[in-house]
Amino acid sequence: MIQLIAFYLFATIVIASAAMVIFARNPVHSVMWLILAFFNAAGLMLLAGAEFIAMLLVIVYVGAVAVLFLFVVMMLDIDFAELRSGFVRYLPLGALVAIVLAAELVFAVGAWQAGGVDLAARAAPAATDTSNIQQIGELLYTRYIFLFEAAGIVLLVAMIGAIVLTHRQRGGVRIQNISAQNRRRPEDATRLVDPGVGQGMEL
Amino acid sequence: MTEYFQSLGMSYEWAWGVATIVGILLIALPLMLAVAMIIYADRKIWAAIALRRGPNVVGPFGLLQSFADGLKVFLQETIIPSSANRGLFLIAPIITFTVALMAWAVIPFNSGAILADINVGLLYILAISSLGVYGVILSGWSSNSKYPFFSAMRASAQMISYEVSIGFILIGVVLFADSFNMNDIVKAQQGHGLGFVNAFGFNLLLFPLAVMFLISALAETARAPFDLTEAESELVAGYQTEYSSMSFALFWLGEYANVLLMCALNAILFWGGWLPPVDWAPLYAVPGIIWLFAKILFFFFVFSWVKATVPRYRYDQLMRLGWKIFLPISLFWVFLISGYLMLTRYS
């Protein structure tokens with residue numbers, strides 16, 4: 001009973017906040033609704049017994065991805081009138097995408113009703129008494145190790161690409177060299193002299 | 001506790017619900033009291049190091065100073081700037097405060113005394129602490145004011161940067177404890193050091209992580225020397241500049257609840273949590289909660305001590321420490337620890 005209530009609560013909030021992402025006028029509000037949607041999706045994952053995925057969803061999407069979204073959206077100076085002006089022009093394209101998505105949904109549900117692919121039996125780990133993390137780990141590091149490593153390499157390449165694209169060498173910048181500063185001793189910079197009276201000092 | 005309420009004749013669902021609510025109150029109310037006293041302690045320690053007296057007027061030794069401050073703040077007028085984004089402006093302190101309380105759900109106070117004994121306790125803490133950014137970033141943006149916005153940008157960049165290395169440090173602990181469950185992590189530390197010291201910190205492989213975690217905890221809670229978010233010489237008062245009355249008090253409470261949480265995490269992850277420091281039978285006669293509180297208070301003293309003695313970092317130095325020193329070292333340490341464990345435990 002309580003699972004049912006929780007499921008409908010989470011699901012309703014996910015759908016409602018996903019709708020609000022589109023309908024909110026202020027982009028910052030949109031991102032906030034998106035975060036709410038992520039959060040409740042994590043709740044749905046918890047109900048499905050996938051606590052590891054739920055926590056990852058919060059850590060990665062809410063804690064990192066959405067923060068970057070928020071950063072970008074806050075920094076942008078967005079003209080709302082201009083945003084709205086393209087509405088009619090892009091309406092046919094948007095409608096087309098929506099129709100394709102709707103058709104795919106109907107198709108998928110139909111296929112599922114017709115028996116579906118028996119994916120669940122193929123990939124499901126056997127034991128249910130071990131925790132989620134162990135099951136995922138055992139699959140990820142044995143059966144799917146090459147896919148896992150390939151994903152890692154793709155991410156590495158993407159990261160290096162982003163750095164290469166945005167990195168630029170600026171001239172005339174004085175960068176603090178901390179190890180050089182730490183290596184510096186008083187003897188390198190100061191000198192004790194004992195000049196006689198009236199002799200002055202050579203600098 | 002659920003069994004107790006069941007024995008009073010409730011059905012399982014009701015007993016569970018009542019037990020959970022009682023558990024939440026048993027954690028949240030003492031926590032609020034602890035925050036009030038810890039603010040007093042912070043000021044006293046700070047004053048003592050600066051050879052001042054600190055708060056000494058309200059109550060004996062000034063013990064009631066925090067309550068007087070709280071009452072004063074409570075009676076003030078709530079001012080909402082006219083150009084602020086009203087909804088988000090009011091939600092931001094609530095987020096900060098709630099998130100600071102939420103993480104305490106998985107803190108084990110004794111072998112059975114934990115509100116939510118979940119498999120993924122440590123991940124839950126990471127997830128919740130990553131939510132803390134939103135309170136800061138939203139308050140800065142919705143104030144519609146220059147300095148709070150700067151501060152929010154700094155704070156969120158700082159928190160995200162240090163969360164990365166905290167994540168890797170936690171992986172080192174998890175590898176040694178072989179579990180994400182907070183209670184199991186504490187239990188794994190029994191007799192870990194030389195067979196009789198109940199702490200991961202005495203392990204030579206984990207001690208550097210303990211030090212890095214302490215420093216990252218300072219940065220994560222934006223305490224001195226990493227308090228660039230409220231650098232008063234540059235940013236007035238940081239992201240909470242425009243806040244007054246209770247909305248300001250919520251930031252204040254949330255901040256100190258977070259500091260206590262980080263002290264508790266230090267104690268639990270590296271220094272044995274509710275276990276006594278040494279694995280010696282008579283010490284187990286003392287309730288675990290007292291050992292945990294002693295450790296938390298010790299780390300809080302370290303936090304205040306640092307605050308009183310260390311000058312503030314510059315922003316580029318802060319980023320350098322996080323990304324160029326802590327991140328590579330902690331990443332390498334994950335590799336080192338897993339290699340060591342493969343050689344010794346799993347071969």
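**View 1. A nonpolar patch on the surface of chain A, with α1(A) as its main contributor.** In this predicted model, α1(A) gives the most to the nonpolar patch, putting in three residues. The members are Met20(A), Ile22(A), Phe23(A), Trp33(A) and Leu36(A), and together they have about 500 Å² of accessible area. Two helices of chain A, α1 (2-23) and α2, each supply at least two residues of the patch. If you want a landmark, take Met20(A), which lies in helix α1 of chain A.

**View 2. Where chain A meets chain B.** Here 23 residues from chain A come up against 25 residues from chain B. Between them, the two chains bury about 2,200 Å², and 80% of that is on carbon and sulfur atoms. Look for Met55(A), Phe71(A) and Met74(A): this trio supplies 24% of the area that chain A buries against chain B, more than any other three residues.

**View 3. Polar contacts and salt bridges across the interface of chain A and chain B.** How many salt bridges does the rule find across this interface? Zero, as it turns out. Polar contacts do turn up, though: five residue pairs are counted between chain A and chain B, with both partners at pLDDT 80 or more.

**View 4. The side of chain A that touches chain B, helix by helix.** Both α2 (27-47) and α3 (51-75) of chain A supply at least two residues each to this side. Which helix gives the largest share? That's α3(A), with 13 residues. Sorted by class, the side of chain A that touches chain B has 17 nonpolar residues, five polar ones and one charged.

**View 5. A salt bridge within chain B, between Asp42(B) and Lys307(B).** Over all chains, the count comes to five salt bridges. One of chain B's pairs is shown here: the side chains of Asp42(B) and Lys307(B) meet at 3.5 Å, N to O. The pair ties together distant parts of the chain, with its two residues 265 residues apart. Asp42(B) sits in helix α2 (residues 12-49) of chain B, while Lys307(B) belongs to helix α11 (residues 288-309) of chain B.

Notes: Residues are numbered from 1 along each chain as its sequence is written. Chains are lettered from A and ligands numbered from 1 in the order in which they are written. This is a predicted model: local features need pLDDT of at least 70, side-chain atom pairs count only at pLDDT 80 or more; totals for chains, interfaces and linings use all residues. Side-chain values use heavy atoms; hydrogens and water are left out. Contact means heavy atoms within 4.5 Å. Buried area is the accessible area (1.4 Å probe) that two parts lose on being put together, summed over both. A salt bridge is a side-chain nitrogen of Lys or Arg within 4 Å of a carboxyl oxygen of Asp or Glu. A polar contact is a pair of N or O atoms within 3.5 Å; within protein, one must be able to donate a hydrogen and the other to accept it, and residues adjacent in sequence count only if both atoms are side-chain atoms. Helices (H or I, at least four residues) and strands (E, at least two) are DSSP runs, numbered from the N terminus. Ala, Val, Leu, Ile, Met, Phe, Trp, Tyr, Cys and Pro count as nonpolar, Asp, Glu, Lys and Arg as charged, and the others, Gly among them, as polar. Patches are made of residues with over 30% relative accessible area and no salt bridge: like charges are joined within 9 Å, nonpolar side chains (Val, Leu, Ile, Met, Phe, Trp, Tyr) within 5 Å. Accessible areas come from the Shrake-Rupley method with a 1.4 Å probe; for residues, only the protein chains shown count as cover.
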